[in-house]
Each structure stands twice: as structure tokens, then as C-alpha cells.
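Here is a short briefing for a first look. Keep the sequence and the 3D view open as you read.

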Amino acid sequence: MKLAAFRPYLTWLLALLVIADLVYSGFQHFSVSLDGDLSAIVVPAPWYSKVLIDPLGLSALLRHEVYPATNRYAIHATMAAYFRHVPLGLGLVVPPITSVYLACALFKLGVQIGLLYLLTGYASGRWRPRGLRFWGTAALIAPLFQTFGFQGEMGAVMASITYCFFFSWPLLVLLVWLRPFYVAQGVDSRFNPRASTVFALLALVPYLALGAPVVSGVAIVLIPGMWLTWAISQVRQTRGLPSWAARLDAAWDAIPRRAALITGGLMVWVVYSVYIGLFNTENQAVPMPLAERYALTWLALTEIFGSQRGTQMLLGAFAFNAALLGWLAWRTPSAMEPRRLLKILGWVFAFSLIYVVLAPLGGYRHYRPHILRYDLLLPITLALMACYGATTMYLIGTLTRGARAAYLLAAISLAVIYTRVDHDKGPRAFYKCEVAALTILSHATEPVVVLPRDCNVMAWGFTDDPAYSETNVQLLRLWGVAPPVVRLYQQK
């Protein structure tokens with residue numbers, strides 16, 4: 001029987017493996033404790049009320065008012081709407097406490113499925129979930145999603161539900177927004193979408209710019225890079241013209257007008273978002289000289305390359321695949337695909353370098369002591385995941401028999417390592433502890449409930465004073481978890 005006859009069975013096997021991985025991830029997402037920003041954003045706390053009544057940050061723009069989250073209305077509103085309604089809906093069929101964790105798990109799983117699909121599409125060039133190329137690429141990328149394991153190094157779907165809304169979700173929306181541009185490059189290098197697509201892309205621009213700063217950081221690097229590639233392409237196409245005037249005229253005529261309008265619109269909104277972000281008190285909490293921020297960034301890079309095993313393996317695979325592609329390009333000069341992939345890897349490297357260099361300009365946060373952290377580096381992580389899927393799938397199909405077998409064994413081994421590490425059960429203990437505490441609270445008969453000091457309860461630390469629990473309890477009442485009048489604290 002020819003090898004081609006086994007392709008449908010292999011495709012189904014890979015699809016089942018990917019689906020099994022997603023189902024298991026869903027159970028993992030359900031077993032993650034809540035974070036300390038959830039209630040403050042959803043209720044909201046007094047300090048976050050301003051952003052929800054001033055979506056465009058006009059108070060900061062016109063009156064230079066200073067308050068938290070001046071340029072983050074979109075994500076605050078999205079998160080508030082989701083957690084004010086979805087847990088209540090789920091609470092019709094499951095207990096109230098369960099509905100909260102189920103709402104978190106469903107959102108995270110949806111983000112993971114979306115990111116996996118988009119990264120697979122970008123990497124394989126296939127957007128319909130069928131065929132060996134699509135599911136093979138998906139099977140290579142799926143183990144790189146770390147719910148537990150290497151979550152603190154390269155978690156594409158943040159364990160914290162708030163961080164998932166502020167980092168993973170906006171980058172998912174950005175990848176959706178960028179897809180028409182990427183597809184156009186792969187078809188005929190011309191961007192000529194339908195009017196409905198243009199309208200949808202323009203409608204998403206304010207949401208992207210006024211949502212999460214990570215999108216602004218990506219756009220500031222990526223959009224000028226897109227403009228540069230268009231300019232280079234157009235200059236190359238006009239080389240045969242007799243004069244510079246003719247070349248400039250032809251280049252001007254060749255500018256993709258709709259693409260320039262849409263990307264230019266995003267840049268205008270991003271600049272506006274960055275400006276009103278200057279009045280965000282969260283960015284002014286810990287002033288620090290720029291030189292010191294760059295010193296901390298360098299320290300973060302030494303830690304990433306020196307001790308973060310998950311990131312090291314992904315970077316190592318990226319570099320190894322680049323070396324193999326370079327060897328194939330040298331050995332077979334007529335082959336175009338290795339050169340195309342190497343060009344993409346080069347752009348990803350350039351984007352990553354510029355992004356890291358610009359990162360300290362965003363200010364210092366005490367919870368990011370070394371400026372760079374896995375959340376801020378998520379755009380680079382996603383790019384590396386897509387590059388790994390694209391290059392590994394190509395090399396598996398291109399290398400000769402002996403080299404292919406060894407390379408395939410290495411790829412499978414890497415997938416097994418990531419999968420095995422991700423089975424860490426430690427985080428479930430915090431989830432079980434928090435559920436036990438919420439169960440005690442739900443049956444409270446006294447106005448103040450003393451909880452064990454075994455774990456955090458909807459907080460980044462222990463709740464030492466009942467007054468600190470007011471916002472959390474308001475949200476728990478909305479969900480039907482807490483009695484009408486109750487507060488909590490954890491006795492020392």
C-alpha cells in the first residue's frame with residue numbers, strides 16, 4: 001500500500017490529538033483560581049469607574065485629568081459585560097460557584113482555540129480545518145500552549161483571567177484583523193478586499209487601540225514594517241522605468257490605497273491611545289530613569305536565555321530550523337520556499353528586536369520588576385510558535401528519508417516534553433482551596449466571615465481587613481455566591 005493511502009488516517013489521528021489536547025486544556029482552565037483584579041474591573045471599583053463613562057478618554061485629552069486606565073476602555077467594558085452576564089447564564093444550569101470558574105474556562109478555551117486556528121492558518125497557509133498540512137501544523141503548535149507547566153515563561157493563554165482579557169484576547173483580535181493583509185500577500189501581493197471587509201477592519205480599529213497597550217506596542221513596530229515592505233516591493237517593480245520621476249509616479253499609483261487607509265487609521269488611533277495613556281496613573285506609580293529601565297531589560301534577557309527552559313527550547317527550535325532552511329537554500333538555489341520562510345524568520349527576528357528595544361519606553365510596573373515578562377513578550381511568543389509550525393512542517397516534508405526520520409523524532413520528542421511538563425497539578429491546589437473558601441462564604445450567617453489563610457481568595461495576596469473585600473463581595477453577590485450582607489478576611 002502506498003504512503004499516500006495512509007494520509008487520510010494520519011490526518012484524522014492528528015486532528016483527534018489536537019482536539020484531545022484542547023479538551024484537556026479546558027479542564028485545566030477550569031482548575032485555575034481567580035485573580036485580584038477581576039472584581040475591581042467588573043463591579044467596578046471606584047478607581048476604575050471613570051474609564052467606563054469616558055470611552056475615548058476625552059477627560060484626559062481635553063482637561064488633562066489623571067486617572068487609571070485612561071486608554072483601556074474597550075477591554076474594561078468587554079470584561080465587565082462578560083462577567084456580569086455569562087456566569088449568571090451558566091448559573092441557571094450549574095451551581096453559582098461552578099458557573100464562575102466555568103465562565104473563565106470557556107473564555108480561555110475559546111481564546112486558545114482561536115489562537116491555535118489563527119496561528120495554524122498563518123503557518124500553513126490553510127484556513128479550512130482539513131487536510132494533512134493544516135492538522136499537522138496544528139499538532140506541532142498545540143503542545144506549545146502551556147496552561148500550567150511553562151505558563152510563567154510562554155503562556156499564550158494567561159492563567160489570570162484578567163491578563164487573558166488584556167493580553168491573549170487583544171492579540172487574538174489583532175491576528176483576525178491582520179489576516180486579510182496576510183492572505184493578500186500570499187495570493188497576488190495586492191490588497192483589494194470587499195467593502196464589508198474594509199468596514200469591519202475600520203470598525204475594529206478603535207477597539208484595538210483603546211483596549212490593551214500590548215496592541216499599541218505591536219502596531220508601532222508592525223505597521224511601519226508593513227509600509228516598508230510595500231515600499232520595497234513597489235520600488236523593485238519600477239526598476240525598468242527610464243527615470244526616477246516615472247518610477248515615483250508608478251510607485252504612487254501602485255500604493256494599495258485601502259490598505260494604507262486602514263493601517264494608517266490604526267496608527268492614528270494608536271498614537272492617540274499612547275498620548276492619553278500618559279495620563280494613566282498606573283503608568284506613573286513608580287517613576288524610574290530610562291537608563292535604569294534598560295539595565296533591568298538586559299537583566300530580564302539574561303534570565304530568559306539563562307534559566308527559562310520552555311522559552312529556550314522554542315528559541316532553539318527556531319534557530320535550528322533557520323539553520324536547516326539556510327542549508328537547503330544553499331544546496332538547492334532554485335528552491336523558493338526555503339528563501340520565503342527565511343525571509344519571514346528574518347522579519348520576525350527584526351520585529352522582536354525592535355519590540356524589545358522599545359519595551360522600556362512603556363514605563364515601569366512593580367509587578368514586572370525586570371520590565372520584560374512573559375505577558376509583555378506574548379507577541380513574540382506567538383510569532384515564534386507560528387514560525388515553528390511553518391518551518392517544521394516544511395522540513396518534515398522536504399528532508400530526505402534518514403534526515404526526515406531523525407528530524408521527525410526530534411519534533412515528536414519536543415511535543416512530548418511540552419505536553420508532559422504541562423501536566424503539572426500544582427495550580428489545582430490553589431483552585432481547590434479557593435473553592436473551599438467560597439463555599440464557606442456562601443453558607444455564611446455572620447456579617448463578617450473569617451476564612452483560613454491557606455490561599456488567596458480573589459486577591460493577589462491575603463485579605464487582612466474586611467474592608468478590602470468589599471469589591472469582591474459585591475461581585476460574589478451579583479453571581480449569587482455570597483449572602484446579601486457579608487464581608488470576609490483571613491486571620492493572621
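## Unusual backbone spots

Ala69 is buried, and its relative accessible area is 0%. The model is a predicted one. The points below start with single residues and then move to helix pairs and strands.

**Positive phi outside glycine**

- Ala69 is not a glycine, yet its phi is positive, at about 60 degrees.
- The loop between α4 (58–63) and α5 (73–90) holds Ala69.
- Met458 also has a positive phi without being a glycine; the value is about 50 degrees.
- Look for Met458 in the loop between β1 and α20 (470–479).
- Met458 is buried, with 2% relative accessible area.

**A cis peptide bond**

- Val43 and Pro44 are joined by a cis peptide bond.
- Omega for this bond is about -5 degrees.
- Pro44 sits in the loop between α2 (38–42) and α3 (49–53).

## Helix pairs

**α15 with α18**

- Helix α15 covers residues 309–331, and helix α18 covers residues 401–421.
- The two pack at an angle of about 165 degrees, and their axes are 12 Å apart.
- An angle over 145 degrees counts as roughly antiparallel, so α15 and α18 are roughly antiparallel to each other.
- The crossing of α15 past α18 is left-handed.
- On the α15 side, the contact is made by Gly310, Met313, Leu314, Ala317, Phe320, Asn321 and Leu324.
- On the α18 side, Tyr407, Leu414, Ile417 and Tyr418 take part.
- By class, the residues of this contact between α15 and α18 are nine nonpolar, two polar and no charged.

**α14 with α15**

- Helix α14 spans residues 290–307.
- α14 packs against α15 at an angle of about 80 degrees, with the axes 6 Å apart.
- Angles of 65 to 115 degrees count as roughly perpendicular, so α14 and α15 are roughly perpendicular to each other.
- α14 brings Ile304, Phe305, Gly306 and Ser307 to the contact.
- α15 brings Arg309, Thr311, Gln312 and Leu315.
- The residues of the contact of α14 with α15 comprise three nonpolar, four polar and one charged.

**α7 with α17**

- Helix α7 runs over residues 132–141, and helix α17 over residues 378–398.
- α7 and α17 pack at an angle of about 130 degrees, with their axes 9 Å apart.
- That angle makes α7 oblique to α17.
- α7 passes α17 in a right-handed crossing.
- From α7, the residues that meet α17 are Leu132, Arg133, Gly136, Thr137, Leu140 and Ile141.
- From α17, they are Met385, Ala386, Tyr388, Gly389, Thr392 and Met393.
- The contact of α7 with α17 has seven nonpolar, four polar and one charged residues.

## Two buried helix residues

**Ala300**

- Ala300 belongs to helix α14.
- Its relative accessibility is 3%, so Ala300 counts as buried.
- Ala300 and Ile371 are 71 residues apart along the chain.
- Their C-alpha atoms are separated by 7.3 Å.
- Leaving aside residues up to four places away in sequence, Ala300 touches His370 and Leu372.

**Leu140**

- Leu140 is in helix α7.
- With a relative accessible area of 13%, Leu140 is buried.
- Not counting residues up to four places away in sequence, Leu140 touches Tyr388, Gly389, Thr392, Met393 and Ala411.
- Leu140 and Leu324 are 184 residues apart in sequence.
- In space, Leu140 and Leu324 are 18 Å apart, C-alpha to C-alpha.

## Strands

**β1 and β2**

- Strand β1 spans residues 448–451, and strand β2 spans residues 487–490.
- β1 and β2 run parallel and are joined by four bridges.
- Val449 of β1 stands opposite Leu488 in β2.

**Two faces of β1**

- Which side chains of β1 are buried?
- Val449 and Leu451 are buried, and they point to one face.
- Val448 and Val450 point to the other face and are not buried.
- The side chains thus alternate along the strand.

Definitions and conventions:
Residues numbered from 1 in each chain as written. Predicted model: local features only at pLDDT ≥ 70, side-chain atom pairs only at ≥ 80, totals over all residues. Heavy atoms only, no water. Axes fitted to C-alpha atoms, helices over the stretch in contact; angles between N-to-C directions. Parallel < 35°, antiparallel > 145°, perpendicular 65-115°, else oblique. Left-handed = near helix turned anticlockwise from the far one by under 90°. Contact = heavy atoms within 4.5 Å. Nonpolar A, V, L, I, M, F, W, Y, C, P; charged D, E, K, R; others polar. Buried < 20%, exposed > 50% of the residue type's maximum accessible area, 1.4 Å probe, protein only. Pairing = 2+ DSSP bridges.
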